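Work through the exercises below with the structure open beside you. Try each task before reading its solution.

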Number of protein chains: 2
Amino acid sequence: MAKKKKGLVVVNTGNGKGKTTAALGVVFRAWGRGMRVRVFQFLKHTGSRFGESRAAEKLGIPWSALGDGFTWLSKDLERTAALAREQWEHVQAAIRDDEHDVIVLDEFTYPLHYGWIPVEDVLAVLRDKPHMLHVVITGRNAPEALVEFADLVTEMREVKHPYKEQGIGAQPGLEF
Amino acid sequence: MAKKKKGLVVVNTGNGKGKTTAALGVVFRAWGRGMRVRVFQFLKHTGSRFGESRAAEKLGIPWSALGDGFTWLSKDLERTAALAREQWEHVQAAIRDDEHDVIVLDEFTYPLHYGWIPVEDVLAVLRDKPHMLHVVITGRNAPEALVEFADLVTEMREVKHPYKEQGIGAQPGLEF
């Protein structure tokens, strides 16, 4: 079978670790090849300073987090949803501009899962994306229709987790 | 429960994508925090030039691949095994030196799975590692005793894979 070349839609989902982390690995690799990479984070606090955003800043990789740090305890979900929709507008503009080789949409499954952004709108945009653009989407509970549509889907399955089993906190560098 | 701080032994295993990629994400994050990172690759050809090794070179992250590009079709397994054991000597020296915060052992499960390096030797070294050092191990078929010993284990499970389903080749930047 002849090998086709095309930009892939990649989904990293599941309850285990490594969804965002593997997306960052793609950023690292693609940057190593001189590809044009851009990262959009959903939900995480606007301007959060994690290891990954620090690295991106040092490397000049455009990175934007737009959110209010949504958690299961958030009260103002309307605001969370509005920020996610605003971020999605930025993503659409970036896809249309066709100036990148890889675009990462981190934690993007949540606004889809909660119905803040209609999955069919997202699929319409992905269907029309530049042919060679790779889009990497992370987060739990990836909607079935997105999994259906995506080219490469991996479920990160938790086998063992130190928080729960040993009372170990999240480790800087390793997990954020 | 009080949060303890310690370097973790992390294993990314399973048949899906994202095992090495998530380890690279840790490299990216940890580098972003100014941590001292080092990568050892097993089996891959000595001096292979992938996106990740190019990125590491640009960033000054010490990276060493020692191997002969082992595949299921390799004929000279004695040589493959000898190179893996030689690389393991370098790893032990690096762990003893205690000059790093994160050490990645990429595709390290294979020499263990094939019995080229005894699992109990590896566990003895990991048991005595510097307290705050994180060690990230990737590859399929992680031996049960390693999973038992590790702090954080994730299985990357293949849900959908473009090679098989659409005849798409591995994509530079995304997968190597």
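Copies are superposed by least squares on the C-alpha atoms of residues with pLDDT of at least 70 in both. The model used here is a predicted one.

**Exercise 1. The two copies**

Task: State which rotation and shift superpose chain B on chain A, and name the relation.

Solution.
Step 1. Two copies of a chain are related by a rotation about an axis and a shift along it.
Step 2. Here the rotation is 180° and the shift along the axis is 0.0 Å, and chain B then fits chain A with an RMSD of 0.0 Å.
Step 3. This is the relation of a two-fold axis.

**Exercise 2. The interface**

Task: Describe the side of chain B that touches chain A, by elements and by residue class.

Solution.
Step 1. In the contact, 55 residues of chain B meet 56 residues of chain A.
Step 2. At least two residues each come from α1, α2 (51-59), β6 and α7 (162-166) of chain B.
Step 3. α1(B) gives the largest share, twelve residues.
Step 4. By class, this side of chain B has 24 nonpolar, 15 polar and 16 charged residues.
Step 5. Of the interface residues of chain B, 100% are also interface residues in chain A, so the copies meet through the same surface.

**Exercise 3. Two helices across the interface**

Task: Decide how α2(A) is oriented to α1(B), and list the residues in contact.

Solution.
Step 1. The axes of α2 (residues 51-59) of chain A and α1 (residues 19-32) of chain B come within 7 Å and cross at roughly 75°.
Step 2. Angles of 65 to 115 degrees count as roughly perpendicular, and that makes α2(A) roughly perpendicular to α1(B).
Step 3. α2(A) contributes Gly51(A), Glu52(A), Arg54(A), Ala55(A) and Lys58(A), while α1(B) contributes Phe28(B), Arg29(B), Ala30(B), Trp31(B) and Gly32(B).
Step 4. Sorted by class, the contact has four nonpolar, two polar and four charged residues.

**Exercise 4. The sheet**

Task: Give the strand order of the open sheet and find the strands at its edges.

Solution.
Step 1. The sheet has twelve strands with mixed pairing, in the order β3(A)-β2(A)-β4(A)-β5(A)-β1(A)-β6(A)-β6(B)-β1(B)-β5(B)-β4(B)-β2(B)-β3(B).
Step 2. β3 (63-66) of chain A and β3 (63-66) of chain B are the edge strands; each has a single partner strand, so one side of each is left without a neighbour in the sheet.
Step 3. From one strand to the next, the twist averages 15°.
Step 4. Between the chains, β6 (residues 152-160) of chain A pairs with β6(B) in the antiparallel sense over seven bridges. Lys160(A) has Val153(B) as its bridge partner in β6(B).
Step 5. Within chain B, β1 (residues 9-13) and β6 (residues 152-160) pair in the parallel sense over four bridges. Val153(B) of β6(B) stands opposite Val11(B).

**Exercise 5. One residue**

Task: Is Val136(A) buried or exposed, and which residues does it touch?

Solution.
Step 1. Val136(A) lies in strand β5 (residues 134-138) of chain A.
Step 2. A residue is buried if 20 or more other C-beta atoms lie within 10 Å of its own.
Step 3. Val136(A) has 30 C-beta neighbours inside 10 Å, so it counts as buried.
Step 4. Leaving out residues up to four places away in sequence, Val136(A) touches Val10(A), Ala23(A), Val26(A), Val102(A) and Val104(A).
Step 5. Asp106(A) is 30 residues from Val136(A) in sequence, with 7.8 Å between their C-alpha atoms.

Definitions and conventions
Residues numbered from 1 in each chain as written. Chains lettered and ligands numbered in written order. Predicted model: local features only at pLDDT ≥ 70, side-chain atom pairs only at ≥ 80, totals over all residues. Contact = placed C-beta atoms within 7 Å. Axes fitted to C-alpha atoms, helices over the stretch in contact; angles between N-to-C directions. Parallel < 35°, antiparallel > 145°, perpendicular 65-115°, else oblique. Nonpolar A, V, L, I, M, F, W, Y, C, P; charged D, E, K, R; others polar. Pairing = 2+ DSSP bridges. Buried ≥ 20, exposed ≤ 12 C-beta atoms within 10 Å, placed from the backbone.
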